[in-house]
Amino acid sequence: MIDKYDDLPSVKDYLIKYSLIAKKSFGQNFLTNLEITDRIAKSIPDISEKTIIEIGAGPGSLTRAILKNNPKKLIAIEIDETALQIQSEIKNKYKDKLEIINKDALNITLQDLKEFSKNTPVHICGNLPYNISVPLLINWLHIIYDTIKADKSSFINGMTLMFQKEVSTRILSTPESAKNKKDYSRLSILSNWLCKTNKLFDLPPSCFTPAPKIVSTVMQFIPYDNILFDEEYNTDILKLEHLIKILFSNRRKMIRGILRNFDWAKVKISPTKRPEDLTIKELCELSTYI
């Protein structure tokens, strides 16, 4: 049983010392099970060669687990002023190995990430606030797309992120695997078009303070060296998203009834298919010729 990683106070002691309470407005549930944070940190490939960007560092349980595993550098992003006091104590011990950024993760740009990375591969990690986990992921997927297009590779080398289990189900969903067809969505398509996705493990509510009412899932994303089907279709992400929005708002209709003026002779896709049955490759093909 892991009680703490270093000679600093335990996470629970810090919560008491600073009267840090999880705020609903920040979507906070603090991960206090150190067995789990250690497992997450150890799952990051080649951690010593990477700059780790931790989103929502909070009271520092994952922060300290990552530092114990010796990253090249750790950038901790945190918006909560009270949690920043705990992070400052951790920095006093780990010095230049840890940098703390007081910023809303939703406002972190491509330029910010490049500045943080200092030309080293980046791995994004975090117990994401439930209420903004999907917008955060979509933003990073856009950055991965943009950097691959511009530089032939993405400096975001991977992401290890925690979501509500229902969100992870959507991420992993395919037309063949989806028990609920509504799970197959823009989130599934963009995630698996740009990254190899993998479910690592589920977490019960008891791992958190306060305990949420839902199960959480840790997911890992490894960007592809080349965007899938790019040589064939050179798909534009904005056009693909626009097409998905049009099609999936009518997911039970045949696609010929949605795209009425389209010349179906241009593609090898049956016009009697429904949007929820279209593969990522077929969507890329359609978005190119539409």
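**A sheet and its helices**

Strand S2 (residues 51-55) and strand S5 (residues 122-127) run parallel, joined by 4 bridges. Two strands count as paired if DSSP finds at least two bridges between them. Strands (E, at least two residues) and helices (H or I, at least four) are DSSP runs, numbered from the N terminus. Within this pair, Glu54 stands opposite Cys125 in S5.

The model is predicted: local features need pLDDT of at least 70, side-chain atom pairs count only at pLDDT 80 or more, and totals for chains, interfaces and linings use all residues. Residues are numbered from 1 along each chain as its sequence is written, and side-chain values use heavy atoms, with hydrogens and water left out.

Now take the whole sheet. It is open, has 7 strands and follows the order S4-S3-S2-S5-S6-S9-S7. The pairing is mixed. Strand S4 (98-102) and strand S7 (195-203) stand at the edges. Each has a single partner strand, so one side of each is left without a neighbour in the sheet. From one strand to the next, the twist averages 20°.

Helices pack on this sheet. Helix H4 (residues 81-94) touches strand S3 (73-78) and S4. Contact here means heavy atoms within 4.5 Å. The direction of H4 makes about 165° with that of S4. Such angles run from 0 to 180 degrees between N-to-C directions, and axes are lines fitted to C-alpha atoms, for helices over the stretch in contact. Helix H6 (residues 133-151) also packs on the sheet. H6 touches S2, S5, strand S6 (156-164), S7 and strand S9 (216-223). Its direction makes about 165° with that of S6.

Helices also pack on each other. The axes of helix H3 (residues 61-68) and H4 come within 11 Å and cross at roughly 15°. That makes H3 roughly parallel to H4. Angles under 35 degrees count as roughly parallel, over 145 as roughly antiparallel, 65 to 115 as roughly perpendicular and the rest as oblique. Thr63, Arg64 and Leu67 of H3 meet Gln87, Ile90 and Tyr94 of H4.

A second helix pair is formed by helix H8 (residues 186-194) and helix H10 (residues 237-248). Their axes lie 10 Å apart, at an angle of about 150°. That makes H8 roughly antiparallel to H10. H8 brings Arg186, Ile189, Leu190, Trp193 and Leu194 to the contact. H10 brings Ile237, Leu240, Glu241, Ile244 and Phe248.
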